Amino acid sequence: MDPDDHPNNNSMALPPSEREYQEGPTQGAVAAQLGFRGQHNDMQATGYYVAPGDSITVTVTQTDGAVLPVLAVGTPFRDAIRPVRTYHDLVNGTQTLPGDEYGGLIYIRYVTTGTPGAAAKIKFEAGCKPVPYYQKGVTTHQQWLAALDSIDNVPDVVFESDHVIMVTTFADAVTYKDENQDVIVNRLDSIIESQNAISGLDNSSADHAKPPYKHLITVRDPAAGGYMAAGISIYFTQSLSYRMLQPQYLSNVNGWGIWHEVGHTYQQAAWTWDGLTETTVNVYSLASERLFGLPDSRLTINNSWPKLDTYLAIPVAERDYNAGDNDLKLIMFHQLWLAFGDQFYIQLSRQTREEKPNLVNTDEKMRYFMLRACTINQKDLSDFFRKWGFKVDENVYTEIASLNLPVPTEDLTLLRD
């Protein structure tokens with residue numbers, strides 16, 4: 001079914017046949033601006049699919065500026081058989097783009113290394129197959145059911161919210177069609193907003209602007225496995241679709257997997273030193289957990305606190321924080337949250353973006369984190385860091401002492417949930 005073939009498109013959850021797209025920054029520029037460790041998605045959804053081997057026809061009209069977008073075919077990690085997406089440079093006017101052997105969902109990539117300002121309308125014509133397309137604030141449940149009942153020639157569906165593009169299989173969408181899709185997209189947005197908030201991303205300035213592109217979250221074959229934040233998308237394997245398409249699993253203990261993978265997209269390089277990739281990520285996961293009001297933190301659920309008791313039983317001189325496992329290392333970050341709350345991580349993230357430190361090794365990153373933890377919280381945390389086994393040059397502790405800050409009134413290493 002082509003975009004205009006159905007006599008009553010408004011009765012179904014279908015994408016518009018024509019849409020205007022705006023130019024934006026590259027993901028490299030976004031990552032540099034926000035201090036992120038890695039890059040993420042910069043593609044915009046269309047809600048259309050092209051079958052393997054089929055050509056497609058689109059009409060492009062420049063509405064602002066002089067740069068036109070690129071049309072991309074294929075969802076990263078969804079299409080496991082394809083080595084790379086197919087890209088087509090677009091020109092003004094009507095054009096027919098050749099197919100490839102894989103097909104896939106159609107996206108628009110519209111980025112510039114300069115100042116964004118261009119815009120273009122794209123009309124999707126022959127060969128562009130609409131998929132069931134659930135848009136937050138637009139689509140009704142009845143329209144969604146009508147689309148699932150009427151479309152049978154596409155493998156995927158698309159959900160789009162304020163902050164997320166989610167791709168699932170058509171078959172799984174049918175299985176869970178009676179769930180509340182509004183709750184699903186709202187909870188996906190809540191996950192993103194909780195992590196924007198702990199990052200101090202509030203649009204108060206360019207340094208603190210929320211990421212301009214939506215998180216791309218997609219199902220991946222095969223069925224076995226879990227979740228992963230991998231390059232320009234987050235994927236979940238098909239065996240976990242039930243957690244993404246039943247809203248209760250997005251906000252209970254089973255939501256940890258997606259909270260965690262979203263957290264990877266927010267990690268800042270300046271205070272994620274070697275061995276902390278799977279540690280600082282959970283500053284953000286825990287923020288999502290708190291948003292949904294779970295009674296026990298992941299550290300309690302994982303029975304991690306006894307690891308701290310064992311660690312603190314080791315003589316101080318023999319402790320080495322960086323040699324601990326991820327659960328133990330996370331406790332240190334969580335104790336700082338228990339002592340100082342969200343504001344510590346909000347201010348740490350904001351200062352990191354404003355200062356843009358050029359830190360290349362573990363020693364430099366540890367020093368940066370230690371000094372900022374002291375100055376932001378206005379406490380001399382030397383005793384805390386020594387007890388945690390922070391093996392740094394003694395000059396770092398001398399720097400902290402020179403700040404003449406008061407010591408905490410309690411031993412922070414004794415804090416527990």
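Which glycine follows H8, and is its phi positive or negative? Select glycine 293: this residue comes after H8 and has a positive phi, near 70°. Before you go on, note that this is a predicted model, in which local features need pLDDT of at least 70, side-chain atom pairs count only at pLDDT 80 or more, and totals for chains, interfaces and linings use all residues. Residues are numbered from 1 along each chain as its sequence is written, and side-chain values use heavy atoms, with hydrogens and water left out.

**Stop 1: helix H8**

Now select residues 281-291, which make up helix H8. Helices (H or I, at least four residues) and strands (E, at least two) are DSSP runs, numbered from the N terminus. Nine of the 11 residues in H8 are buried (under 20% relative accessible area, with exposed over 50% and partly exposed in between; 1.4 Å probe, protein chains only). Among them are Val283, Tyr284, Leu286 and Glu289. Show what is in contact (heavy atoms within 4.5 Å): the cover over the buried residues of H8 includes helix H4 (181-198), helix H7 (256-264), helix H9 (298-301), H11 and helix H12 (342-355).

Arginine 290 is your next pick, together with tryptophan 337: the charged end of the arginine sits over the ring, 4.0 Å from its centre. For this label, NZ of Lys or CZ of Arg must be within 6 Å of the ring centre and within 35 degrees of the ring normal.

**Stop 2: an aromatic cluster**

The whole structure holds 26 aromatic pairs. Rings of Phe, Tyr and Trp (its six-membered ring) pair if their centres lie within 6.5 Å; planes under 30 degrees apart count as stacked, over 60 as edge-to-face and the rest as tilted. Pick tyrosine 321 and tryptophan 388 for an edge-to-face example, with 5.8 Å centre to centre and 85° between the planes. This pair links distant parts of the chain, 67 residues apart: tyrosine 321 is in the loop between H10 and H11, and tryptophan 388 is in the loop between H14 and H15. Both tyrosine 321 and tryptophan 388 are buried. Widen the selection to the aromatic cluster that these two belong to, which also includes Trp271, Trp273, Phe344 and Phe390.

**Stop 3: strand E13 and its partners**

Select residues 156-160, strand E13, where five of five residues are buried. Asp156, Val158 and Glu160 are on one side, Val157 and Phe159 on the other, and both faces are covered. In a regular strand, side chains alternate between the two faces of the sheet.

Add strand E12 (residues 133-135), which runs parallel to E13 and is joined to E13 by three bridges; two strands pair if DSSP finds at least two bridges between them. Glutamine 135 has glutamate 160 in E13 as its bridge partner. Follow the chain from E12 through helix H2 (residues 141-150) to E13 and you trace a right-handed β-α-β crossover: with the strands pointing away from the viewer, the path from the first strand over the helix to the second runs clockwise.

Then add strand E14 (residues 164-169), antiparallel to E13 over five bridges. Three residues lie between E13 and E14 in this hairpin, and aspartate 156 stands opposite threonine 169.

**Stop 4: a second hairpin**

Move to strands E16 (residues 227-230) and E17 (residues 233-237), joined by four antiparallel bridges. Between them are two residues, and glycine 231 in the turn has a positive phi of about 65°. Tyrosine 235 in E17 is the bridge partner of methionine 228, and arginine 220 lies over the face of tyrosine 235, at 4.6 Å from the ring centre.
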